[in-house]
Amino acid sequence: MGEPQFIPRVPYGTFSEQIHTRSTQHQQVVKAQLELTYRCNLHCRHCYTDPYNNPESLPRELTRDELYRLLAELQDLGVIWLNLSGGDIFMHPHFFDVYEQAYRRGFLLQLYTNGTLFTRTVIQRLQAMPPFTIDVSCHTVNEARFDWFTQVAGSYRAFLRGMALLRGSGLPFTLKTKLMNWNKDELNDLRTFTESFGQSFGYSTSLSPRLDGDCSSLTHRISPEDLWVIGQQKSASEQDEACHAELPLGRPETDRLFRCGCGTNTIHINAWGELSTCTFQYESRVPLRGLPLREAIAKVFADVHKMRYHDDAPCRSCTVHRFCDKQPTQARWEMGDRQAPIPYDCDVAMTRAESAMHQTLVHPLKRHSQGEQHSS
Ligand code: SF4
Ligand code: SF4
């Protein structure tokens, strides 16, 4: 018998950073998002999955056995972080069967939920097999607005009951806020609520079209002007664009249509078993009901890597691209062309860039039209 071999212990942050660096370099998939269902007890006005939360769409969803098979394939692939999302995960009729199977396979499990469906039983079952983290959405702490936004009376009270159970559970969780045009004045209340759980407050602002291409959800976007005002009120530590400020402005190095990291180390599987690189990448999708996961990934990644910007597309030469959240599929749904700039994203990118760089910049669309005039 040789000397016993010990696996070295490293802090989680070091482990995570090393895995992310290596997996990005070698295009090894280590993260997966699995949408278990489009069922949800709420109907939030900005929700992108809500069009498929109906009896006609539910038969298309993956069965429990298909989910089991996928979990085995994900483990075999080397996936470490597995995000289970919906709809709301607790509306899935076999959620705990799938969850416990995933837990036993050793994934670090991240759960997304609206927080209204926690019961003592749900909490106890999670405590028996704790997830890595639970992300709970919280867009308002005003009862009337909460119920208006979710379109379900009593949902705010259910949310508060759920949060009270979660607070005392010892389970790891985070509150997530989307800042929109209707809740922007609640910033301080949302901050106070979040901090009452011992958490630091943060928010995101990007909204997406619905999964059937309907763009009405975008009417809830916060205006770039309001974002500017709110940005000016932030403390230095809250300036999430600050990291971008260290790099000079310049046109993108690559002509790839997906500059966001799509096609490197992350996959997304929707409730119908279709593989993609992320929730909103609809330019290449493969149904997993007909293909092993590894083959499907090879096909989707190759497709995504092949997609390129035309030389004359404004996004190809945009100097504020690092501050921009534009998604090509969203551009196709909103503007009719995946190469096209999304004016809202341009405005937001400008706001962020000027705020981070402390200088006045030329708007990407104005700059482009000036460039065209000069060259014509
Ligand atoms: S809780 Fe989530 S899944 Fe349910 S309607 Fe709201 S945004 Fe959609
Ligand atoms: S800011 Fe506008 S032009 Fe620049 S990458 Fe974003 S959408 Fe394209």
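**Exercise 1. Which residue in E8 does His 268 stand opposite?**

Before we start, keep in mind that this is a predicted model.

Step 1: Find the two strands. Strand E7 covers residues 266-269 and strand E8 covers residues 274-276.

Step 2: Check the direction. E7 and E8 pair in the antiparallel sense, over two bridges.

Step 3: Read off the partner. His 268 faces Ser 276 in E8.

**Exercise 2. Work out the strand order of the sheet and its edge strands.**

Step 1: Walk across the sheet. You should get E6-E5-E4-E3-E2-E1-E7-E8-E9, which is nine strands in an open sheet.

Step 2: Look at the pairing, which is mixed. The antiparallel pair E7 and E8 from the previous exercise is one contribution, and the parallel pair E2 and E3 is another.

Step 3: Pick out the edges. Strand E6 (203-204) and strand E9 (286-287) each pair on one side only.

**Exercise 3. Trace the chain from E2 through E3 to E4 and give the handedness of each β-α-β unit.**

Step 1: Start with E2 (residues 81-85) and E3 (residues 108-113). These strands run parallel and are joined by four bridges. For a register check, Asn 83 has Gln 110 in E3 as its bridge partner.

Step 2: Add the helix. H3 (residues 95-104) goes with E2 and E3 to make a right-handed β-α-β unit.

Step 3: Repeat for the next pair. E3 and E4 (residues 133-137) also run parallel, with four bridges between them, and Tyr 112 is bridged to Asp 135 in E4.

Step 4: Helix H4 (residues 120-128) completes a right-handed β-α-β unit with E3 and E4.

**Exercise 4. Describe how H2 packs with H3, and how H8 packs with H11.**

Step 1: Take H2 (residues 64-77) first. Its axis lies 10 Å from that of H3, and the packing angle is about 15 degrees.

Step 2: Classify the angle. The cut-off for roughly parallel is under 35 degrees, so H2 and H3 count as roughly parallel. Their crossing is right-handed.

Step 3: Now do the other pair. The axes of H8 (residues 224-233) and H11 come within 9 Å, crossing at roughly 20 degrees. That makes this pair roughly parallel too, and the crossing is right-handed.

**Exercise 5. What are the residue classes in the shells around ligand 1 and ligand 2?**

Step 1: List some neighbours of ligand 1. Among them are Cys 40, His 43, Cys 44, Cys 47, Asp 50, Gly 86, Gly 87 and Asn 114.

Step 2: Sort that shell by class: four nonpolar, five polar and two charged residues.

Step 3: Move to ligand 2, which has 13 residues around it. The closest are Cys 315, Cys 318, Cys 324, Pro 341 and Cys 346.

Step 4: Sort this shell as well: ten nonpolar, one polar and two charged residues. Helix H11 (residues 343-357) gives the most to it, with three residues.

**Exercise 6. Where are the backbone features at Gly 87 and Gln 151 located?**

Step 1: Look at omega. The peptide bond from Gly 86 to Gly 87 is cis, with omega near 20 degrees.

Step 2: Place Gly 87 in the loop between E2 and H3. Both Gly 86 and Gly 87 also turned up around ligand 1.

Step 3: Now look at phi. Gln 151 isn't a glycine, yet its phi is positive, near 60 degrees.

Step 4: Place Gln 151 in the loop between helix H5 (143-150) and helix H6 (155-167).

Methods: Residues numbered from 1 in each chain as written. Chains lettered and ligands numbered in written order. Predicted model: local features only at pLDDT ≥ 70, side-chain atom pairs only at ≥ 80, totals over all residues. Pairing = 2+ DSSP bridges. Right-handed = clockwise from strand over helix to strand, strands pointing away. Near = placed C-beta within 6 Å. Nonpolar A, V, L, I, M, F, W, Y, C, P; charged D, E, K, R; others polar. Axes fitted to C-alpha atoms, helices over the stretch in contact; angles between N-to-C directions. Parallel < 35°, antiparallel > 145°, perpendicular 65-115°, else oblique. Left-handed = near helix turned anticlockwise from the far one by under 90°.
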